[in-house]
Amino acid sequence: MSLNHRVGQHIKHLRIKAGIKSQAKLAELCGWKSQSRVGNYEAGSRTVSPADAEVLAKVLEVDPAEIIFGIPNGKSPNLKYQDEAAFSISGFEFWDSGTPLNDDEVEIPFYTEVELAAGQGIAEMPHFNGPKLRFAKSTLRKSHVDQTHAACVRVSGNSMEPVLPNGSTVGVDTSQINVIDGKMYAINHDGMLRIKTLYKLPGGGLRLRSFNLEEWPDERYEGDDLKQIKIIGKIFWYSVLL
């Protein structure tokens, strides 16, 4: 069963659960002129847009994640970015491996920590044939991100909790390597991917700060120690599944 069909089943289930007996009534409550919009969604013949997912969620009084995954709070087991679904940064966007790109979409490479550690950083991997995530061109423009300098990586560990739990995904702008105090960056620390908030120190040093300060106190790097650290890029987006 395709992702669109699964989402369609969720919408139908939630409609009935809410006591809305017909597709026409749901369309009316959503402010849509035609019942066919809901019908196509429930049949799985049309991909639910981010805007419509939000409207449906409001009318059905659920979180948008429940429309997507069928369970509350977006707790989706075994979500595979590479062959099932992805999120656009302007909201939820659903697709499978057979869904063509539309005019306002681009695919951004999705790297693993292993791939990062094996190379010299994602900026040096232009011919990437692995999994990808889809982003809206318009949203990248609003974030002043050039798609040719954008990549995604997965966060591991608990140092950036609660903002970035283990397994979160972040978008990195590899053209932004100059440190702005207090902003999050992806760094290659002696072959290991790390996501940290960076601060400049007098004399050219760096302070690395985690959100989980109780377990991960600030780190200072100066002089020769800085040679271990390569700034990959600035974080411009992140996605969290709880």
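Visitor: Which residues do ring pairs link into a cluster?
Guide: The model is predicted: local features need pLDDT of at least 70, side-chain atom pairs count only at pLDDT 80 or more, and totals for chains, interfaces and linings use all residues. Residues are numbered from 1 along each chain as its sequence is written, and side-chain values use heavy atoms, without hydrogens or water. Rings of Phe, Tyr and Trp (its six-membered ring) pair if their centres lie within 6.5 Å; planes under 30 degrees apart are stacked, over 60 edge-to-face, the rest tilted. Ring pairs join into a cluster Phe135, Phe236 and Trp237.

Visitor: What is the geometry of the pair Trp32 and Tyr41?
Guide: The structure holds three aromatic pairs. Trp32 and Tyr41 form one, with centres 6.2 Å apart and 75 degrees between the planes. That makes the pair edge-to-face.

Visitor: Are Trp32 and Tyr41 buried or exposed?
Guide: Buried means under 20% relative accessible area, exposed over 50%, partly exposed in between (1.4 Å probe, protein chains only). Trp32 has 10% relative accessibility. Tyr41 has 2%. Trp32 and Tyr41 therefore both count as buried.

Visitor: How many residues apart in sequence are Phe135 and Phe236?
Guide: Their ring centres are 6.2 Å apart and their planes stand at 55 degrees, so the pair is tilted. Both residues are buried. Phe135 belongs to strand S4 and Phe236 to strand S11 (residues 229-239), so the pair ties together parts whose separation is 101 residues.

Visitor: Which residues join Glu105 in one salt-bridge network?
Guide: A salt bridge puts a side-chain nitrogen of Lys or Arg within 4 Å of a carboxyl oxygen of Asp or Glu. Arg134 bridges to Glu105, with closest N and O atoms 3.6 Å apart. Arg134 is buried at 4% relative accessibility, and Glu105 is buried at 10%. Through shared partners, Glu105 is joined in one network by Glu107 and Arg134.

Visitor: Which helices hold Arg37 and Asp52?
Guide: These two form a salt bridge, with closest N and O atoms 3.0 Å apart. The pair links distant parts of the chain, 15 residues apart: Arg37 lies in helix H3 and Asp52 in helix H4.

Visitor: Which of that pair is buried, Arg37 or Asp52?
Guide: Arg37 is partly exposed, at a relative accessible area of 25%. At 6% relative accessibility, the buried partner is Asp52.

Visitor: Why do the buried residues of H1 line one face?
Guide: Helix H1 (residues 3-17) has 15 residues. Its buried residues are Leu3, Asn4, Val7, Gly8, His10, Ile11, Leu14 and Arg15. On the other side, His13, Ile16 and Lys17 are exposed. The buried residues line one face because, seen down the helix axis, they fall within an arc of 160 degrees.

Visitor: Which helices help to cover the buried residues of H1?
Guide: Helices (H or I, at least four residues) and strands (E, at least two) are DSSP runs, numbered from the N terminus. The cover of H1 includes H2 (23-30), H3 (36-43), H4 (50-60) and H5 (64-69).

Visitor: Which elements give two or more residues to the largest nonpolar core?
Guide: A nonpolar core joins buried Ala, Val, Leu, Ile, Met, Phe, Trp, Tyr and Cys residues through side-chain atoms within 4.5 Å. The largest has 18 residues, of which Ile11, Leu26, Trp32, Val48, Leu56 and Ile67 touch the most other members. The elements giving two or more are H1, H2, H3 and H4.

Key
The expected span of a helix is 1.5 Å times one less than its number of residues. The arc is that of the directions from the helix axis to the C-beta atoms. Contact means heavy atoms within 4.5 Å.
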